[in-house]
Amino acid sequence: MGDYHFIYKDVEGASTQWDDIQRKLGNLPEKPPAFKPPSFTPAPDQDSIPKDKSWINTKTEEELEELEDDLDDDRFLEQYRKKRLAEMSVQAKVLKFGSVVPISGSDFVREVSQAPPDVWVVVILYKDGYQECGVLMRCMEELATKYPATKFVKIISTDCIPNYPDCNLPTLLVYNNGAVKANYVGLRSFGRRCTPEGVALVLCQSDPVLNDGQSGSDASREAVMDGIRRRLIEKVVKQHENGNDDGSSSD
């Protein structure tokens, strides 16, 4: 008959008086600590998360509208919500153009004459197949991208003005608040070389045509013109350096 060995295991962490005496004498290792389950920490409730500026800045326009009832008891957050909605509205308003849009004669009144009073409209009268029209059109396309708060449109000259002389092409018309503010006939209006910077400087001579989405003030016009002049100088310097490089290589 085989021997049976029974091993008694007490509750984990429990100890007898004899074990305690042996540990004091150094005959047994220190007793391991009794098992203690980790304390329960509930997941954070989204409604209990503090609502500050960084939290509200992450919200979309639709989510901000839905927060109106939740924020009624917090005057600061309600005011901040309205401020954020106003900022979003201004940003959407500034970025509403950005390209040269083709229009027909029947579109002119709606797209140009009836444009909002805070919008400057630049109209290019052109015809296909005219090299000078192509040169000015490329300048318009670049300016439309750089100044999306200004509306740029193009229309075939005789669709806009019946029997308009081809010798006057291209022609630029500048409108604001339903009235013509300036007109420029032919490329000679923009200097010996027609560049986007040169055209921009002419357009902004007396009015904030390229007003970069600000209030249309003189300060804004001057800021735009300073930027245009800086780019023009940088371009001239670069062309001069390239010319010197070409000259030195031919020696």
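The following questions and answers concern the sheet and the backbone of a predicted model.

This is a predicted model, in which local features need pLDDT of at least 70, side-chain atom pairs count only at pLDDT 80 or more, and totals for chains, interfaces and linings use all residues. Residues are numbered from 1 along each chain as its sequence is written, and side-chain values use heavy atoms, with hydrogens and water left out.

Reader: Which strands stand at the edges of the open sheet?

Author: Strands (E, at least two residues) are DSSP runs numbered from the N terminus, as are helices (H or I, at least four residues). Two strands pair if DSSP finds at least two bridges between them. The open sheet has five strands with mixed pairing, in the order β1-β3-β2-β4-β5. Each edge strand has a single partner, so one side of it is left without a neighbour in the sheet; these strands are β1 (100-102) and β5.

Reader: How many bridges join β4 to β5?

Author: T171 stands opposite V185 in β5. Strands β4 and β5 run antiparallel, and the number of bridges joining them is six.

Reader: Is N163 buried or exposed?

Author: N163 is found in the loop between α7 and β4, and its phi is positive, near 65 degrees, although the residue is not glycine. Buried means under 20% relative accessible area, exposed over 50%, and partly exposed in between (1.4 Å probe, protein chains only). With a relative accessible area of 73%, N163 is exposed.

Reader: What is omega for the cis peptide bond joining L169 and P170?

Author: Most peptide bonds are trans. P170 is found in the loop between α7 (157-160) and β4 (171-176). The bond joining L169 and P170 is cis, with omega about -10 degrees.
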